[in-house]
Every structure is written in C-alpha cells, then in structure tokens.
Amino acid sequence: MKVLFVGLGGIGQRHLRNLVKLKGDSVRIYAYRVRREGFVLNNRLEITDNDLEERYHIHVVESLEEAFHTGMDCVFICNPSSMHMEILLEAVRHGCHVFVEKPLSHTYECVDELERLLLEKPVTTFVGYQNRFHPCIIKAGQLLKDKAVGRVIMVDAEIGESVKLWHTYEDYRRMYACRSELGGGVVLSQIHELDYLISFFGMPESIYAVGGKLSDLEADVEDVASIIMKYRLEGKTVPVTVREDYLQNPPTRRCKILGTEGRIEFDLLSSRLWVYDGTGGLSLEETYEFERNDMFLEEMQIFLDETEGKRGPEGIPVSEGLKSLKVALLAKRSLETGSVMQVL
C-alpha cells in the first residue's frame, strides 16, 4: 500500500507511528514536505532523534503532481488548515482514500465541489476527531441515548489550555493555530468540543459568540471565545455553551449536561465521568484507564479497515466534518459581527 503524508509535524508523526505499528512493512511511505525538519517525536511530543526520513524509510516527493503520478492508495492531510481543501480535492479526484485532520478547512469554499466529487468517487474519507473515541464521550453518548438524566435542558462545555505549551519543539508563534493566514484561532483549532456536541445533539438552530483577541499572546487570531448555540430538543429551546481559550494553565476540558432528572459530568483530562440523579445523589462514577494514543489508534484502525472493506461505515466521514466546520465558521462570523447567526 502506498501512503502519502502531507505534513509531518506533531499530529502527522503520530499518525505515521500508528500506521507503521498497525501495518508494518506492508506500507510504503511517501511524503510531500515543505520544512523538511528531521526531528523525530514520541507520543509526548518530545524530540527523540533527528533522522525522521531515514527511520521510516520515507520517500520524499517534490510535488503533489509527482505523488499522484506515482499512484497513492491513501493520503494523510496533516498540514495547516488553510491548505487542507486543495489537497483533499486532488486526492479524491485521483481516487485516493483520505484521512484529513480537523478542521476540514478554514472557509466553506469548494465544499460543493468536494461533495460532488465524493458522489462520483467511491473513496473512504475520515476526519481526525479522535475525541469521539474517548471513553468519557462514548459513555456520555450512551447515557444520553438511554435518557439517563431525562430530557436535556442545558449543556456547558469548556476547553482551556495554554497554547504556549502545545508543542515544546517549536515556538507557538510559528504554529498554524496562532496565525490567521494558516486557518488558526481558538474556534477552529479547538473544534473538537463542537464536534462531539453535534454528535450528541445534531445541528443547532442558531449561534452567538463573544470573544476575540483578548490576551497578550503574540498572535493575530481570537484566543478566547464563548459560543452559545440554541437547540430545539424535544420541543424545548435549550442553551448549549462552549467556552474556549488559549490561556489556562493548568488546562481544563470538561462538560456538564443538565437534565430534568439529574446531570452528567465528565473530565476528558482525568478520564472521569459522574452521573447525579434528581435528588443530588451520585448514581455513577467511573474512571477510565487508557492511553491517550488509544484514541488515535482506534480511528486509524477504523479508517484502514474501511479502506479495505473490512467493516461498514463506522468512522467520521467528510460529511460529518462539514457539520462542525459550518458551526465553527458561523461562530467566527458572530465574533466578527456581533450578530446571531442562523444555521440554515
């Protein structure tokens, strides 16, 4: 199997390690690289060596045209968000299966063309929302389906962490997340919360966001955002809020789902989940023992199995990624205009 990587920074190398772990020598690795930095990272994003291309026997191509002329089976798109769509379109045109990191893009341009191509080409697509495989989110989804806390009446999710600590191997000011021309900003970079909430509740009716570039970070993107989404759930208007920032240290990543008969809470960093009943009693408390990389291995295995026809559609296709992209872009528009944005 010939596999092309576009982008071999932190997330690209994680996918590379996991691919090699699962497929071994049956994979021939190609890469289209711009920086061509040689550092090798581990799962803790620590530099362990400086021989990346030699270690993984990577065949570097000088252009995407060369790569597709060589004939790729799969493409992993792991470069900055603003560059995703162009490569995604070309990969689908050439009949390649595609794993693309979140978010799908930084705009909604070319979406119609992408959807048309996907109708014509029978390829597998997968968007890198690994948090859907976090045991807390899986359990919360099951509890919601079972109406464990009755009818949902309010949701509050929070993700806050210092962007300066994301990558110890590079200056945060170089990262795509802090550069508007590369598709950065907290709303798109921290889009995981929007994705899992959409997987729980579907699409909202409208969106209003407050925030912007409020800190002293040397970045030209929004670093704080509070997004309130109006949902219509079981005939009631329900507020679903997501609070995001690039600043908190120690970090936080929690969610609280309030229902008519109790509440569900989970903490993604400590992998703990609690359920309280209507009287305030703790009816369930679970702590999940797992490695963070397990989520990435799970999504990789599903993607590979789907490309080989070994299982049905269990992954996260582009059609799912477009939902969270639409909501995120409307939230950014609301930040800019101060207006409530309707989700049409």
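**Reading helices, loops and cysteines in a predicted model**

Guide: Helix α10, residues 318-337, has 20 residues and spans 28 Å from its first C-alpha to its last, close to the 28 Å expected at 1.5 Å a residue. Keep in mind that this is a predicted model.

Visitor: How many of the 20 residues of α10 are buried?

Guide: A residue counts as buried when its relative accessible area is under 20%. In α10 that applies to 14 of the 20 residues, so the helix is largely enclosed by the rest of the structure.

Visitor: What comes just after α10?

Guide: Just after α10 comes G338, with a positive phi of about 75°.

Visitor: Which residues of helix α4 are buried?

Guide: In α4 the buried residues are H84, M85, I87, L88, L89, A91 and V92. That makes 7 of the 10 residues in the helix, which runs from 84 to 93, so α4 is also largely enclosed by the rest of the structure.

Visitor: What covers the buried residues of α4?

Guide: The cover includes strands β1 (2-6), β6 (74-77) and β7, together with helices α3 (64-70), α5 and α10. After α4 comes G95, whose phi is positive, near 75°.

Visitor: Now a helix pair. At what angle do α1 and α9 pack?

Guide: A helix pair can be described by the angle between the axes, their separation and the hand of the crossing. Helix α1 (residues 10-23) packs against helix α9 (residues 293-307) at about 60°, and the axes are 10 Å apart. The crossing of α1 past α9 is right-handed.

Visitor: Which residues make the contact?

Guide: From α1 the contact uses I11, R14, H15, N18, L19, K21, L22 and K23; from α9 it uses N293, F296, L297, E299, M300, Q301 and L304. Sorted by class, the contact has 7 nonpolar, 4 polar and 4 charged residues.

Visitor: Let us turn to the cysteines. How many disulfides does a search of the whole structure find?

Guide: The test is a distance: two cysteine sulfur atoms must lie within 2.5 Å. The search of the whole structure finds 0 disulfides. C110 is in no disulfide, and the nearest cysteine sulfur, in C96, is 18 Å away. For C178 the closest cysteine sulfur belongs to C78 and is 19 Å away, too far for a bond.

Visitor: Are C110 and C178 buried or exposed?

Guide: C110 counts as partly exposed because its relative accessibility is 38%. C178 is buried, with a relative accessible area of 2%.

Visitor: Where are the cis peptide bonds at P103 and P250?

Guide: A peptide bond is read by its omega angle. The bond joining K102 and P103 is cis, with omega about -20°. P103 sits in the loop between β7 (97-100) and α5 (111-120). The bond from N249 to P250 is cis as well, with omega near 5°. P250 is in the loop between β12 (236-245) and β13 (252-259).

Visitor: Which residues other than glycine have a positive phi?

Guide: Two cases will serve. One of them is L45, with phi near 60°; L45 is in the loop between β3 (40-41) and β4 (47-49). K147 is another, with phi near 55°, and its loop runs between α6 (135-145) and β9 (152-160). As for accessibility, L45 counts as buried because its value is 18%, whereas K147 counts as partly exposed at 44%.

Visitor: What is S206 in contact with?

Guide: A contact list is read after leaving aside the sequence neighbours. Beyond those within four places, S206 is in contact with I228, M229, K230, V340, M341, Q342 and V343. S206 lies in strand β10 (residues 206-212) and counts as buried, at 8% relative accessibility.

Visitor: How far apart are Y276 and R263 in sequence and in space?

Guide: They are 13 residues apart in sequence and 5.3 Å apart in space, C-alpha to C-alpha. Y276 belongs to strand β15 (residues 272-277). Not counting residues up to four places away in sequence, Y276 touches V149, E261, G262, R263, E265, G281, L282 and S283.

Notes
Residues numbered from 1 in each chain as written. Predicted model: local features only at pLDDT ≥ 70, side-chain atom pairs only at ≥ 80, totals over all residues. Heavy atoms only, no water. Axes fitted to C-alpha atoms, helices over the stretch in contact; angles between N-to-C directions. Helix = DSSP H or I, 4+ residues; strand = E, 2+ residues; numbered from the N terminus. Left-handed = near helix turned anticlockwise from the far one by under 90°. Contact = heavy atoms within 4.5 Å. Nonpolar A, V, L, I, M, F, W, Y, C, P; charged D, E, K, R; others polar. Buried < 20%, exposed > 50% of the residue type's maximum accessible area, 1.4 Å probe, protein only. Expected span 1.5 Å × (residues − 1).
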